[in-house]
Amino acid sequence: MRIDFHTHVKLAKKLPFASKYTDWLFGEAKQNGLDAICITEHFNTLGFEEVYNYIRENYPQEGDTFIINGLRIFPGMEIDIQEGGHILALGKIEDIIAFNRALEHYKSKENFLPFEELLEQAKGFNVYLGGAHPYREGGAIPTLPEHLLKQLYFLDLNGKDYAGKGEQARRELSELATRLNLPMVGGSDTHQAFQYGCIYTAFEEMPITVEELIGLVQLQNHSIHAHQEVSFKVESAATLKKALKEIHALGGDYVKVLVGE
């Protein structure tokens, strides 16, 4: 199974949810060789619940996952913390929605929760937290207290960071992971199709529950693979995203430009 642990299904946080765009993304993920993805939409994105309600209402469910055209979808979200940086949360769809609602008062920059408080909040929900792109500029995850970081379940080797640093990004994160005794997973951090497949995590098994997925991660028998043209895929994705946002800003329909409907 090839899975991407860090993906978005909206072009940008402040844009409305567009179901045809999301459907198109899922098809492109499969075309790029992925068997599964974790949706880690920003916790303060416009229409967060609309995204997950659409998925729940329109795709068949197996275990904790939803399936479209052979692609398995695990629910999740990406959360900002006060110190700087992002935390990924994976869980059943009802737990992700409930956790998101509990964070309603902490979605603006001036109210982001400190990492320790977020960990406490998460204990009230059946979710699994991981550190997103720990060495991204502006983030503080590597400097946080180790006893708190060890409560995470994984660290994200991010496609955007790998595109810029290459194997240095893997070595850098591997040192932190070894120090904390945490597994690493690969996530593209994509908001659109070109970035799918730039980095992925490979398992021999195909889990259908989040608990099974995290169990496999903890075994650390998986491998993380980067595409030979990872930098080109990420750069192309950034260029397309910028162009599509400009189409929207000018009053155009970026979805129609992509899917032709």
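## Exercises on a predicted model

Helix α1 is followed by G33, whose phi is positive, near 90 degrees. The model is predicted.

**Exercise 1.** Compare the reach of helix α1 with its expected span, then find which of its residues are buried and what covers them.

*Solution.*
1. Helix α1 runs over residues 19-31, which makes 13 residues.
2. From first C-alpha to last, α1 reaches 19 Å, close to the 18 Å expected at 1.5 Å a residue.
3. The buried residues in α1 are Y21, T22, W24, L25, F26 and A29.
4. Their cover includes two helices, α2 (48-58) and α10 (254-259). It also includes strands β2 (36-39), β5 (65-68) and β6 (71-74).

**Exercise 2.** Place E41, decide whether it is buried or exposed, and look for a salt bridge.

*Solution.*
1. E41 sits in strand β3, residues 41-42.
2. E41 is buried.
3. The nearest side chain of opposite charge is K10, 5.9 Å away.
4. A salt bridge needs a distance within 4 Å. E41 therefore has none.
5. Leaving out residues up to four places away in sequence, E41 touches T7, H8, V9, K10, F48, Y52, G76, M77 and E78.

**Exercise 3.** Count the disulfides in the whole structure, and explain why C198 is in none.

*Solution.*
1. The search finds zero disulfides.
2. C38 is in no disulfide, and the nearest cysteine sulfur, in C198, is 14 Å away.
3. A disulfide needs sulfur atoms within 2.5 Å. C198 is unpaired because its closest cysteine sulfur, in C38, is 14 Å off, too far for a bond.
4. C38 counts as buried, at 0% relative accessibility. C198 also counts as buried, at 0%.

How values were computed
Residues numbered from 1 in each chain as written. Predicted model: local features only at pLDDT ≥ 70, side-chain atom pairs only at ≥ 80, totals over all residues. Heavy atoms only, no water. Helix = DSSP H or I, 4+ residues; strand = E, 2+ residues; numbered from the N terminus. Buried < 20%, exposed > 50% of the residue type's maximum accessible area, 1.4 Å probe, protein only. Lys, Arg positive; Asp, Glu negative; His and termini not counted. Contact = heavy atoms within 4.5 Å. Expected span 1.5 Å × (residues − 1).
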